[in-house]
Amino acid sequence: MALAATRSRSVIFVKHKILYPVRRTCLFSTSDTILADQRKPPSKKQWRKSHKKPPSTDHLSWEERLADVVTPLWRLSYDEQLELKQKHQERILSQLSRNLSSDLQSQSPSPVRSKLSFPVLPVLPSPVRDGYRNKSTFSVNRGVDGNPKTVGFYVGTGKKGNIVCVNGDHLLNMPEKHKLVARCYQDFIRLSSLESCLLFHTGGHWREITVRTNAEGRTMAIVYFHPQTLTPEEVAVHKANLVDYFTWGPGSLCQLDSLFFQESTMTRCTHEESPYQLLHGQPHIYEEVLGFKFRISADAFFQVNQAAAEVLFSTVRHLCVPNPEEGGGRTEVGGTLLDVCCGTGAIGITISPRVDRIIGIELIEQAVEDARHNAALNNVLNCEFVPGKAEVVLPGLMSKLSSAGGGLVAAVVNPARAGLHHRVVRALRNQPAIRRLVYVSCKPDGEAMRNFRELCCAPDPQKKLTGEAFSPTLAVPVDMFPHTPHCEVVLLFER
């Protein structure tokens, strides 16, 4: 596939009213991409060469092995990390361009010209590179010395039976406060008469701990516990010991603002399945993004890198509702914005000054409560949040909006790695008032690729995709996770 690259110190995309520093901007086109699809598959020799066994790590220290698992890019400079991520995003998006070209060629009797060209901006860097995580979950298992009450992160896998829990004090992406709480929790469970729970069926009680912090240093800890056959009265004794340790004992130096406790007989439980019990302090901490304040509950989703979240949300806001007078105060644009998979409402609330109405859809009830609270907290009156599965809620909502008139401005979707349900894609695609759709993906080469193709393919009555096709017009990668290969990408689709 032909790639045209232009190099300059800065670039302005006037159409989208975005100004970004640029190292390299790639332009992907569907012209001449069919040849790429006709290349021969790799030979067995080539396949074996590309699937060699990974090199042995026996010569590395346990700390280095863990760093390679949790932060695989830690040996590279940050510029080298960004270059690596840029190339990876370009490979994914060139594959998207090939897929769309192939789809159109197969559905059209005549040659399709390159309408699907779109620029890919350079990766927007994270303003904070070290200690950026505001949420960390530390596991409990056997350590390097065999102690089953070691708190840290895993090297090895359960499938291979070679798990070793290694202390994470050296990890670049962990803030010092998280490391301190983990060390204190390890000290506490080693003092406890109860065993750690390594496998549910083998007994034991103390499980992992999650630590959440905000930019001001407020700290929340959530301890997970398997009750096994203990009575509620017996559990209460150990909860009291936990509170004493972190409020009056050695753990008091953590200065916890919130201490939660969840009894669970499953790997993961929602608040509804097994309530988070507040043992000490405040029920929430708060975070500020782009001048808006957000309440964070024990199990609420929030971007793990607050500084980079501001870059991400600002980018999404630019693309959803371009402001012709950026920096010149708030500009009312009007219309309705659909915020699908809205979480605690952060994206919709930060865009709310530019539209008449925000409608957010979210599966997790507690997150919906947080979103409503966040709107009230910021005196945002034009947001409403609907609980439920997007694939169930959205089709009916789109029908109501169609009958009510007053066209939509845009839709923004921010799904989990599994992508959007096909019914959600269908509802968005078949709503003619949506001319602009912004898709935030943490894994564009996964299930999201299927979503992209369904949004952009020719109308397909068999799949009930009857609306006009979207076209990708801009891609903006955002580095939310320095020292790791992961990267968010914001894709703008228009029609």
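What span should the 15 residues of helix H7 (residues 306-320) cover at 1.5 Å a residue, and how far apart are its end C-alpha atoms? The expected span is 21 Å, and the end C-alpha atoms of helix H7 lie 21 Å apart, so the two values agree. The model is a predicted one, and the values discussed here are computed from it. Helix H7 is also mostly covered, with 14 of its 15 residues buried.

From this helix the discussion turns to charged side chains. The count of salt bridges comes to 14. One of them joins Lys85 to Asp479, with the closest N and O atoms 2.5 Å apart. Lys85 belongs to helix H4 (residues 78-107), whereas Asp479 sits in the loop between strand E20 (471-478) and strand E21 (488-494); the pair therefore ties together parts that are 394 residues apart in sequence. Both partners, Lys85 and Asp479, are buried.

A further salt bridge links Arg357 with Glu384, and here the closest N and O atoms are 2.8 Å apart. Arg357 lies in strand E16 (residues 357-362) and Glu384 in strand E17 (residues 383-387), so this pair ties together parts that are 27 residues apart in sequence. Are these two residues buried, partly exposed or exposed? Arg357 has a relative accessibility of 32% and therefore counts as partly exposed. Glu384 is likewise partly exposed, because its relative accessible area is 35%; the partly exposed class lies between the cut-offs of 20% and 50%.

A local arrangement is found within helix H12. The side chains of Glu454 and Arg450 meet in a salt bridge, at 3.8 Å from N to O. Glu454 and Arg450 are four residues apart in helix H12 (residues 447-456), so they are separated by about one helical turn. The geometry of the helix gives the reason: an α-helix has 3.6 residues a turn, so residues three or four places apart point the same way. The two partners are classed by their accessibility: Glu454, at 12%, counts as buried, while Arg450, at 30%, counts as partly exposed. Arg450 and Glu454 also belong, together with Glu447, to a network of salt bridges.

The empty spaces of the model can be considered next. The count of cavities of 30 Å³ or more comes to four. The largest cavity has a volume of about 50 Å³. Which residues line the largest cavity? Its lining is made up of Asn134, Arg212, Thr213, Asn214, Ile285, Glu287, Ile296 and Phe302. Strand E9 (206-213) and strand E13 (285-289) are the elements that give two or more residues to this lining. By class, the residues around the largest cavity divide into three nonpolar, three polar and two charged.

Among the pockets, the second largest has a volume of about 320 Å³. It is lined by 13 residues, of which Thr57, Arg65, Val155, Gly156 and Asn162 are the closest to its centre. Which helix gives the most to the lining of the second largest pocket? Helix H3 (residues 62-70) does, with four residues. The lining of the second largest pocket contains five nonpolar, four polar and four charged residues.

Notes
Residues numbered from 1 in each chain as written. Predicted model: local features only at pLDDT ≥ 70, side-chain atom pairs only at ≥ 80, totals over all residues. Heavy atoms only, no water. 1 Å grid on protein atoms, 1.4 Å probe; cavity = no way out; pocket = protein on both sides within 12 Å on 5 of 7 lines; lining within 4 Å. Points joined across faces, edges and corners; volume = space filled by probe spheres on them. Nonpolar A, V, L, I, M, F, W, Y, C, P; charged D, E, K, R; others polar. Salt bridge = Lys/Arg side-chain N within 4 Å of Asp/Glu carboxyl O. Buried < 20%, exposed > 50% of the residue type's maximum accessible area, 1.4 Å probe, protein only. Expected span 1.5 Å × (residues − 1).
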